[in-house]
Amino acid sequence: MPLIAQNLEKVRVRLAAACRASGRLPDSVRLIAVGKTFPPAALAQALAAGQRDFGENYVQEALPKIGALPQGSRGSRGSPIWHFIGPVQSNKTRGIAENFDWVHSVEREKIAQRLSDFRPSELPPLNVCVQVNISGEASKSGAAPHEAGALCHAVAALPRLKLRGLMAIPAPGAKEHSRSAYRRLRKLFEEIRRAWPALQMDALSAGMSDDLEDAVAEGSTMVRVGTAIFGTRQK
Ligand SMILES: *Cc1c(COP(=O)(O)O)cnc(C)c1O
């Protein structure tokens, strides 16, 4: 079996164990394979091994990969689903809106507006998560937690976007810190859902190679895993 297929299998086993440990159904967490810096051939191996959801951070890098992977008719069984997970620059909103199925990293209303404006009418609405700066780092992306509810509202009101939930990347550091960051994210998610049930948020994008167990224990519904599937990234 190719290495990427073996790695994928290991990650699936970890995910299933994490779900079992917190009494959740094994298919309640979606695995997103994060392919930044890896070539289309690596992604194709993952696709051949049954992986469907792919995450990318940079538009210029992603577009050739999206073109290289077999597309099928959009959304058909076996064709890849593309998630944009990197910082969204204003001048990249068109490329994202035209080529991706999800954006996990919306942190400003102006960006949401542009994504909606550029979303082609023949495609379904773009799925959106609002990114929250859950560790409060000055340097990190994401809306401040107290602004997240208002931003969710703004996204939900845009015609070509579909609000799905929240995303966060905890500050690097000790594992107990990421667990408590994921707990704060979950609390915020539940607060917003309780305050505005009409928003119908169903997605919590949290967890990476090193901490997916903690994220699943705190209610994650989408983990974004790069290194554990494709290997260590070259700088
Ligand atoms: C790179 C990246 C990941 C994957 O990180 P790994 O530690 O390699 O699993 C997840 N989320 C985001 C936003 C990333 O940029």
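**Close-up 1. Cysteines and the absence of disulfides in the predicted model.** In this predicted model, the structure holds zero disulfides. Cys 19 has no bonding partner because its sulfur lies 17 Å from the closest cysteine sulfur, that of Cys 129, which is too far for a bond. Cys 19 is also buried, its relative accessible area being 1%.

**Close-up 2. The surroundings of Cys 152.** Cys 152 likewise takes part in no disulfide, and the nearest cysteine sulfur, which belongs to Cys 129, is 8.9 Å away, whereas a disulfide would need the two sulfur atoms to be within 2.5 Å. With a relative accessibility of 0%, Cys 152 counts as buried.

**Close-up 3. The ligand and the residues around it.** The ligand sits in the largest pocket, and the residues around the ligand include Val 34, Lys 36, Asn 57, Ile 85, Ile 169 and Met 208, as well as Thr 227 and Arg 233. Sorted by class, this shell comprises five nonpolar, four polar and three charged residues.

**Close-up 4. Polar atoms of the protein beside the ligand.** Two side chains and one backbone position are shown here: a polar side-chain atom of Ser 209 lies 2.5 Å from an oxygen atom of the ligand, and a polar side-chain atom of Arg 224 lies 2.9 Å from a nitrogen atom of the ligand. From the backbone, an N or O atom of Gly 226 lies 2.8 Å from an oxygen atom of the ligand. Taken alone, the ligand exposes 390 Å², and the protein buries 88% of that area.

Conventions. Residues are numbered from 1 along each chain as its sequence is written. This is a predicted model: local features need pLDDT of at least 70, side-chain atom pairs count only at pLDDT 80 or more; totals for chains, interfaces and linings use all residues. Side-chain values use heavy atoms; hydrogens and water are left out. A residue is near a molecule or strand if one of its heavy atoms lies within 4 Å of it. A polar contact is a pair of N or O atoms within 3.5 Å; within protein, one must be able to donate a hydrogen and the other to accept it, and residues adjacent in sequence count only if both atoms are side-chain atoms. Accessible areas come from the Shrake-Rupley method with a 1.4 Å probe; for residues, only the protein chains shown count as cover. On a 1 Å grid over the protein atoms alone, a cavity is a set of points where a 1.4 Å probe fits but cannot get out, and a pocket is an open set with protein on both sides within 12 Å along at least five of seven lines; lining residues have an atom within 4 Å of a point. A molecule sits in a cavity or pocket if more than half of its atoms lie within 2 Å of its grid points. Ala, Val, Leu, Ile, Met, Phe, Trp, Tyr, Cys and Pro count as nonpolar, Asp, Glu, Lys and Arg as charged, and the others, Gly among them, as polar. Buried means under 20% relative accessible area, exposed over 50%, partly exposed in between (1.4 Å probe, protein chains only).
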